[in-house]
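Reader: I am in my first year and would like to learn how to read a protein model. Could you take me through this one, step by step?

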Amino acid sequence: MSQFDRSAGTDAGGDREADGDGSVATGEPEADRDGPATPRTETRVLPAEVFATLGDDTRVAILRALLECGADEAPVSFTDLFERVDVDDSANFSYHLRQLTGHFVRRSDAGYEFRSPGRKVVSAIFTGSLTERAQLGFFPADGACYDCGGALHGWYVDDELTVGCADCGTVQVSYPFPSGGLDDRTTDELLQAFHHYVRHHYCLAADGVCPECTGSIDTTLVRDPDDEDLDVAVEHVCRRCSYRLRSTVGVTLLDHAETLVFHSDRGVDLNTAPFWQFDWCVSDRLTEVVSEDPLRVRVTLPCAGDELRVLLDETCAVIETTLVE
């Protein structure tokens, strides 16, 4: 099963003119591909401005102080923030706080609180995504290799957690995972967290929501993908940020209602059972190309002696399901 592939986002919103404060405002509404244009007023901070704003220890300390003072629950007063940050000059502190206010921090009569971008910066710091590198050697993982039946192991290198076979080297899943997820967890707890994290990303993409920026996702079946050991794969591409996610066909069914009910009726909870334990999720051995033009595939899901056969079209939408008992 493949990991995601990120490529640089392209600006698809038409011509934009920079405002005097460095932000970029859209002058025209963005067109909806399935209907009329959706009016939207938008102001964007240029990427260079974002990095310049955050390139100061005092400003990062202010964001951290907001978290420590509980800005997620209630606004924090200027005084409480000032007392938390190691700055002697209140005028200097005010200057740095003003640089954050607007895009990263919201100011009201009650005080200061996070805006979403500011909260994401703090989250990235605490997860270690921006500041840490970690490694974790081989450890046992439940399940068996779909290729040879050998025992599975997990390992963590270069910000990716991988589950694969120790005997034949087949990889069941490899996916980026923030290093903060390793803290205060046993390896079993780590694998369970990894399952939920990756499953959530794939289910979001299958539902048309970008896991990275929440933009709209286009999903298509890809026949004989060049860089994959698959006959057919699913490709998700975000219209907004060009985030790319490629997987087996089976993964897109993890949140499919009939798939969930079929397994639940047979004592299997797909919400908690690690998805890499199911052959139909991590390989295409149970995926059959039914038609080339138009492209149609059928995935066979075995469970407790029964089968659910799911037919999908070229956009990975379910056409029909068949239960074989």
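Reader: How many aromatic pairs does a search of the whole structure find?
Author: This is a predicted model, in which local features need pLDDT of at least 70 and side-chain atom pairs count only at pLDDT 80 or more, while totals for chains, interfaces and linings use all residues. Residues are numbered from 1 along each chain as its sequence is written, and side-chain values use heavy atoms, with hydrogens and water left out. Rings of Phe, Tyr and Trp (its six-membered ring) pair if their centres lie within 6.5 Å, and planes under 30 degrees apart count as stacked, over 60 as edge-to-face and the rest as tilted. By that rule, the number of aromatic pairs found in the whole structure is 11.

Reader: Which kind of pair do phenylalanine 78 and phenylalanine 93 form?
Author: A pair of aromatic rings is described by the distance of the centres and the angle of the planes. The ring centres of phenylalanine 78 and phenylalanine 93 are 5.3 Å apart and the planes stand at 80 degrees, so the pair is edge-to-face.

Reader: Which helices hold phenylalanine 78 and phenylalanine 93?
Author: Helices (H or I, at least four residues) and strands (E, at least two) are DSSP runs, numbered from the N terminus. The two phenylalanines are 15 residues apart, and their pair links distant parts of the chain. Phenylalanine 78 belongs to helix 3 (residues 78-84), and phenylalanine 93 to helix 4 (residues 90-100).

Reader: Is phenylalanine 93 buried or exposed?
Author: Buried means under 20% relative accessible area, exposed over 50%, and partly exposed in between (1.4 Å probe, protein chains only). Phenylalanine 78, at 28% relative accessibility, is partly exposed. Phenylalanine 93 has a relative accessible area of 0%, and therefore counts as buried.

Reader: Which parts does the pair of tyrosine 175 and tyrosine 197 tie together?
Author: These two rings have centres 6.4 Å apart and planes at 75 degrees, so the pair is edge-to-face. Tyrosine 175 is buried at 1% relative accessibility, whereas tyrosine 197 is partly exposed at 28%. The two tyrosines are 22 residues apart in sequence, so their pair ties together strand 10 (residues 171-176) and helix 6 (residues 187-206).

Reader: Which residues do ring pairs link into a cluster?
Author: Tyr175 and Tyr197 belong to a cluster that is linked by ring pairs. Its members are Tyr175, Phe177, Phe194, Tyr197, Tyr202, Phe275 and Trp276.

Reader: Which strands are the edge strands of the open sheet with the order 7-8-9-10?
Author: Two strands pair if DSSP finds at least two bridges between them, and the four strands of this open sheet pair in the antiparallel sense. Inside the sheet, strand 8 (residues 151-157) is joined to strand 9 (residues 160-165) by six bridges, and glycine 154 stands opposite valine 163 in strand 9. The strands that pair on one side only are strand 7 (136-144) and strand 10.

Reader: At what angle to strand 10 does helix 6 run?
Author: Axes are lines fitted to C-alpha atoms, for helices over the stretch in contact (heavy atoms within 4.5 Å), and angles run from 0 to 180 degrees between N-to-C directions. Helix 6 lies across strand 7, strand 9 and strand 10, and its angle to strand 10 is about 75 degrees.

Reader: Which element gives the most to the largest nonpolar core?
Author: A nonpolar core is a set of buried Ala, Val, Leu, Ile, Met, Phe, Trp, Tyr and Cys residues joined through side-chain atoms within 4.5 Å. The largest has 54 residues, of which Phe194, Val249, Trp276 and Trp280 touch the most other members. With eight residues, the element that gives the most to this core is helix 6.

Reader: Which strands stand at the edges of the open sheet in the order 14-15-16-17?
Author: The four strands of this sheet pair in the antiparallel sense, and strand 16 (residues 306-312) is paired with strand 17 over six bridges. Each edge strand has a single partner strand, so one side of each is left without a neighbour in the sheet; these are strand 14 (287-292) and strand 17 (318-324).

Reader: What percentage of the 325 residues in the protein chain is buried?
Author: The chain as a whole has eight helices and 17 strands. Of its 325 residues, the buried ones make up 40%.
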